[in-house]
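Visitor: Could you walk me through how to read a few features of a protein model?
Guide: Gladly; let us bring it up and start with one side chain.

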Amino acid sequence: MDKIQVIVGDINNQTQAEQMLHLLNLYMHDPMGGNQSMTPDLAKKNIAGLKQQSNYLFFIAYCNGEPAGLANCFVNYSTFKAKLLLNIHDFAVSPNFRRHGVGEVLMNKIVAHTRQNDFCKITLEVRHDNHGAKNLYQKAGFTECNTPMHFWELPL
């Protein structure tokens, strides 16, 4: 049986920052991440930029001691609830550790963390064709917004 552990990462810890970048790069290589690579320049910019974000929070899942899953999150504020909320910006499991329970344990840690810290909700976005992720999120209790929302963007 796999031993899965999840920690709240520290962006100032070089090892954890490198593990975060490694897992993020694996996600970027995946079809759900756009089949692209993280350049060394983008990696440096990510670390520098994330260190400047006081609302940045990340979780790393380890499977048998190896970095296996990542959640990059940002703390926001709900004016409707007057409480903090957590947005999961990136959620990924290394291809080598899929179907080992890593995603479920990682999500459970995120939910426990937000409950312990009195957040009002967790938000995330998911591609409509990412059936594996949608199954995991539904299993964790996520539902489509009531009224359903659409994710819009204005590329600059």
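Visitor: Does Asp41 count as buried, partly exposed or exposed, and why?
Guide: This is a predicted model, and in it Asp41 counts as partly exposed because its relative accessibility is 42%. Lys45 counts as exposed, since its relative accessibility is 54% and the exposed class begins over 50%.

Visitor: What do Lys45 and Asp41 form together?
Guide: The general idea first: side chains of opposite charge can pair when their charged atoms come close. Here Lys45 and Asp41 form a salt bridge, with their closest N and O atoms 3.4 Å apart. Both belong to helix 2, residues 40–51, and because they are four residues apart there, about one helical turn separates them.

Visitor: How many salt bridges does a search of the whole structure find?
Guide: The search finds five. One of them joins the side chains of Lys83 and Asp118, at 3.0 Å from N to O. This pair links distant parts of the chain, 35 residues apart: Lys83 is in strand 4 (residues 83–93), while Asp118 is in the loop between helix 3 (102–116) and strand 5 (121–124). Lys83 counts as partly exposed at 31% relative accessibility, and Asp118 also counts as partly exposed, at 48%.

Visitor: Which side chain does Asp129 meet in a salt bridge?
Guide: Asp129 meets the side chain of Arg127, with an N to O distance of 2.8 Å. Asp129 has a relative accessibility of 28%, so Asp129 counts as partly exposed. Arg127, at 37%, counts as partly exposed too.

Visitor: Let us turn to the interior. Which residues have the most contacts inside the largest nonpolar core?
Guide: They are Phe59, Phe91, Leu106 and Ile110, in a core of 24 residues. At least two residues of this core come from each of strand 2 (56–63), strand 3 (66–78), strand 4, helix 3 and helix 4 (131–139). Helix 3 gives the most, with five residues.

Visitor: What does Phe59 touch, leaving out residues up to four places away in sequence?
Guide: Its contacts include Leu106 and Ile110, and among the others are Val6, Val8, Leu70, Cys73 and His113. There is also a second, separate core of 18 residues, which includes Ile7, Leu21, Ala43 and Ile60.

Visitor: Helix 3 also holds Thr114. Is Thr114 buried or exposed?
Guide: Thr114 is buried, because its relative accessible area is 5% and buried means under 20%. Beyond residues up to four places away in sequence, Thr114 touches Leu86, Phe119 and Ile122.

Visitor: And helix packing: at what angle do the axes of helix 1 and helix 2 cross?
Guide: In general, two packed helices are described by the angle between their axes and the distance between the axes. The axes of helix 1 (residues 14–29) and helix 2 cross at roughly 125 degrees and come within 11 Å. That angle makes helix 1 oblique to helix 2. Their crossing is right-handed.

Visitor: Which residues of helix 1 and helix 2 meet?
Guide: From helix 1 come Ala17, Met20, Leu21, Leu24 and Met28, and they meet Leu42, Ala43, Asn46, Ile47 and Leu50 of helix 2. Two residues of this contact, Leu21 and Ala43, are also in the second core.

Conventions. Residues are numbered from 1 along each chain as its sequence is written. This is a predicted model: local features need pLDDT of at least 70, side-chain atom pairs count only at pLDDT 80 or more; totals for chains, interfaces and linings use all residues. Side-chain values use heavy atoms; hydrogens and water are left out. A salt bridge is a side-chain nitrogen of Lys or Arg within 4 Å of a carboxyl oxygen of Asp or Glu. Buried means under 20% relative accessible area, exposed over 50%, partly exposed in between (1.4 Å probe, protein chains only). A nonpolar core is a set of buried Ala, Val, Leu, Ile, Met, Phe, Trp, Tyr and Cys residues joined through side-chain atoms within 4.5 Å. Contact means heavy atoms within 4.5 Å. Axes are lines fitted to C-alpha atoms, for helices over the stretch in contact, and angles run from 0 to 180 degrees between N-to-C directions. Angles under 35 degrees count as roughly parallel, over 145 as roughly antiparallel, 65 to 115 as roughly perpendicular and the rest as oblique. A crossing is left-handed if the near helix is turned anticlockwise from the far one by less than a right angle, and right-handed if clockwise.
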